[in-house]
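Student: Please take a close look at one metal site in this structure and describe how the protein builds it.

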Amino acid sequence: MAEDRDIVELLLEEHREFRELFEELEAAARDEREELFRYTVARLASHEAAEEAVVHRTVRDDVPSGQAVAEAVLAEEDSAEHLLAEMADMDPTSDEFMESLGRLRDDVVEHAGHEERDEFPLIREHVDAERRREMGRRFQQLRDSGPTRPHPGTPQQPETRAAAGPIVGAFDRARDAARNVFAD
Ligand SMILES: [Fe+2]
Ligand SMILES: [Fe+2]
């Protein structure tokens, strides 16, 4: 069984992965873009749902002076979700899609930086190490039950597509999954 890890370490690691995924997406050949995009959306949705369930709520309710920062990052997650819903109707091989992808990358990178700068230090200061590991354990459970990474260049695998699912509703599905994993 995987060792329990500090939630902040896990989130920093995921943020690094998202920065890399967006780089890969922008460099991806047109015919590989859609599958990688679906995977990125599914991962992003479960990341944000898990943060919402175990991180932002803790910061908002249990951390002194945490309310404003938690509400600000929750609002950013909401606006990324709206942009993704718009992108669901676009042709992934179009210029319009690439422009929106650039905007999404900027928003996600800025949002992750905001959490790293303003929220994670509050968690390290006010949440003890044991609780941080407990939060990390729950986060890992959700991540490990998530979609499988596509393998560019190999024939499309139906199970990967099924796991990532349609874009619209990805955040709702991730929230439902988070509720199951995080239910006490
Ligand atoms: Fe977030
Ligand atoms: Fe995050």
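Tutor: Donors are here N, O and S atoms within 2.8 Å of the metal; water is not among the atoms, so sites may look incomplete. The model is a predicted one, and the site chosen is that of the iron ion (ligand 2). The protein donors of this ion are His15 (NE2), His47 (NE2), Glu51 (OE) and Glu115 (OE), at 1.9 to 2.3 Å from it. Along the chain, these donors follow the spacing H-x31-H-x3-E-x63-E. Histidine 47 belongs to helix H2 (residues 30-62) and glutamate 115 to helix H4 (residues 95-126), so this pair ties together parts that are 68 residues apart in sequence.

The geometry can be examined next. Four donors count as tetrahedral if all angles lie between 85 and 135 degrees, and as square planar if opposite donors are over 155 degrees apart and all others between 65 and 115. Around the iron ion (ligand 2), the 4 donor atoms subtend angles of 85 to 175°, which makes the arrangement irregular.

The site also has a metal neighbour. The iron ion (ligand 1) is 3.3 Å from the iron ion (ligand 2), and glutamate 51 coordinates both.

There remains the exposure of the donor residues. Since buried means under 20% relative accessible area, histidine 47 is buried, with a value of 2%. Glutamate 115 likewise counts as buried, at 0% relative accessibility. Thus the two residues that tie together parts of helix H2 and helix H4 are buried, histidine 47 at 2% and glutamate 115 at 0%.

Key: Residues numbered from 1 in each chain as written. Chains lettered and ligands numbered in written order. Predicted model: local features only at pLDDT ≥ 70, side-chain atom pairs only at ≥ 80, totals over all residues. Heavy atoms only, no water. Donors = N, O, S within 2.8 Å, 3.2 Å for Na, K, Ca; no water. Tetrahedral: all angles 85-135°; square planar, octahedral: opposite > 155°, others 65-115°. Helix = DSSP H or I, 4+ residues; strand = E, 2+ residues; numbered from the N terminus. Buried < 20%, exposed > 50% of the residue type's maximum accessible area, 1.4 Å probe, protein only.
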